[in-house]
Amino acid sequence: MITLDRFILEREQAHPGATGELSMLLMRFGVAGKRIAHELATAAFKRTLGSAGTANVQGEQQKKLDVVANEILLETFDYGGLVVLAASEELEAPYLYESNERDGRYAVLLVPMDGSSNIDVNGTLGTIFSIRHREEGGEKDLLRAGRQQVVAGYILFGPSVLLVYTDGEGVHLFTLDPSIGEFLLTAEALRMPERGRGYAVNEGRSRGWAPEVRAFVEYLKENDPSTGRPYSTRYSASLVADVHRILLEGGIYLYPADAGAGGKPQGKLRLLYECAPLALVVEKAGGAASTGTEDVLDVVPQSLHERIPLAIGSRAEVELYERFMRGERR
Ligand code: FBP
């Protein structure tokens, strides 16, 4: 029975120069995950379902649980002097931990509640996290390519609560055992299938897509058993849930640029705290993540809440998508 704490500490011992701070930080995400899971499970009784009546920096209506999860995560790093900055989907500017300003060596990036449209219908939800080194201090420390993430991962709130992370050396999966309140290792050094049989995309938005995107999705739906087609649609409206399925079964998730009515011409998902963390997890498991023209982990953000188009999944499907986007395939 390998708990999250034991696993992290044993890996730390493999790094003679380690200070233990990163280990403590990672363990805290386990604690935050348990607290958020409890809030989700009791939300109906606590009347914390529904809208908070406020909007976040993206102008999106916040759910009460978006706010609750954000507060739990900000509290989680408020002691111990580890974290100086926390950037969140729910905050316009990064939160500064003044008490850690002198010695804090890390910054964290957060999506407290992913898949918000699933909250009130008891659908699958997630929390996305990423840890970066503090360099010069301030927001500009965050505006660096995803390759500079030290740790990235997610917590998946489904029939069971899972925590998945990479520290750059493999991807590891833990399952919360509610009887003891501990995350236990259930898969170490996960490897993704080279290709899958499913695709995840909101096809209701296809009119706003570029012709190359539509051609790729149509290609997946053609009947050709020799290439594993037609693929099945597997879209849950939770990026974390869809990427987790793809991590285990292969396939591809798409959120393309959308020039249609009410669409996001530059893509919906945020580079720094949605796309880059999941891109690191998927790449370390053998998959890939692309904007359609560039590896997500190489994109240097110009602003904290920058959005990009996203294609993430098995290497075969993502590379094929890029060929469609270059017009090499019809
Ligand atoms: P939020 O961060 O606002 O939840 O947006 C992210 C997300 O919910 C993803 O989890 C999901 O894949 C996608 O947006 C769903 O978007 P749409 O409702 O346009 O299909």
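# A guided tour of the predicted model

Begin by selecting residues 51-55 and residues 61-63: these are strands S1 and S2, which pair in the antiparallel sense over 2 bridges. The model on display is predicted. Within this pair, Ser51 stands opposite Lys63 of S2. The two strands form a hairpin with 5 residues between them, and in that hairpin Gly59 takes a positive phi near 80°.

Next, select Arg47, which lies in the loop between helix H2 (21-46) and S1. Its phi is near 55°, a positive value in a residue other than glycine. For background, most residues other than glycine have a negative phi. Is Arg47 buried or exposed? Its relative accessibility is 65%, and Arg47 therefore counts as exposed.

**Strand S3 and its partners**

Move to residues 83-88, strand S3. All of this strand is covered: 6 of its 6 residues are buried, so S3 is largely enclosed by the rest of the structure. Which strands does S3 pair with? Strand S5 (residues 106-114) runs parallel to S3 and is joined to it by 5 bridges. To see one point of this pairing, display Leu85, which stands opposite Ala107 in S5. Strand S4 (residues 95-96) runs antiparallel to S3 and is joined to it by 2 bridges. Here Ala86 has Tyr95 of S4 as its bridge partner. S3 and S4 form a hairpin, with 6 residues between them. In general, the strands of a sheet pair through backbone hydrogen bonds, either parallel or antiparallel.

From S5, follow the chain into the loop that leads to strand S6 (125-133), and select Asn122 there. Asn122 is not a glycine, although it has a positive phi of about 55°. With a relative accessibility of 75%, Asn122 counts as exposed.

**The ligand**

Now select the ligand and display the residues around it. There are 16 of these, and those that come nearest are Glu89, Asp114, Tyr235, Leu239 and Tyr255. How far from an oxygen atom of the ligand does a polar side-chain atom of Glu89 lie, and what is the distance for Asp114? For Glu89 the distance is 2.7 Å, and for Asp114 it is 2.6 Å. Gly115 takes part through its backbone: an N or O atom of the backbone lies 3.2 Å from an oxygen atom of the ligand. Taken alone, the ligand exposes 470 Å², of which the protein buries 87%.

**The five-stranded sheet**

Select strands S12, S11, S13, S17 and S15, which form an open sheet of 5 strands in that order, with mixed pairing. S12 (232-233) and S15 (288-290) stand at the edges; each has a single partner strand, so one side of each is left without a neighbour in the sheet. Inside the sheet, strand S13 (residues 252-255) runs antiparallel to S17 and is joined to it by 4 bridges. Tyr253 has Ile312 as its bridge partner in S17.

Before leaving S12, select Pro230, in the loop between helix H4 (211-221) and that strand. A cis peptide bond joins Arg229 to Pro230, with omega about 5°. For comparison, most peptide bonds are trans.

At the other end of this region, select Ser314, in the loop between S17 (310-313) and helix H7 (315-325). Ser314 is buried, with a relative accessible area of 0%. Not counting residues up to four places away in sequence, Ser314 touches Met192, Pro193, Glu194, Arg195, Gly196, Ile246, Gly250 and Gly251.

**The nonpolar cores**

Finally, display the nonpolar side chains. The largest nonpolar core has 46 residues, and those with the most contacts inside it are Tyr154, Leu239, Leu247, Tyr253, Val296, Leu310 and Ile312. Which helix gives the largest share of this core? Helix H6 (residues 271-284) does, with 9 residues. Select Val296 to inspect its surroundings: leaving aside neighbours within four places in sequence, Val296 is in contact with residues including Leu271, Cys275, Ala276 and Ala279, as well as Ile308 and Leu310. A second, separate core has 43 residues, among them Ala43, Ala86, Leu125 and Ile131. Ala86 was met earlier as the bridge partner of Tyr95.

Definitions and conventions:
Residues are numbered from 1 along each chain as its sequence is written. This is a predicted model: local features need pLDDT of at least 70, side-chain atom pairs count only at pLDDT 80 or more; totals for chains, interfaces and linings use all residues. Side-chain values use heavy atoms; hydrogens and water are left out. Buried means under 20% relative accessible area, exposed over 50%, partly exposed in between (1.4 Å probe, protein chains only). Two strands pair if DSSP finds at least two bridges between them. Contact means heavy atoms within 4.5 Å. A residue is near a molecule or strand if one of its heavy atoms lies within 4 Å of it. A polar contact is a pair of N or O atoms within 3.5 Å; within protein, one must be able to donate a hydrogen and the other to accept it, and residues adjacent in sequence count only if both atoms are side-chain atoms. Accessible areas come from the Shrake-Rupley method with a 1.4 Å probe; for residues, only the protein chains shown count as cover. A nonpolar core is a set of buried Ala, Val, Leu, Ile, Met, Phe, Trp, Tyr and Cys residues joined through side-chain atoms within 4.5 Å.
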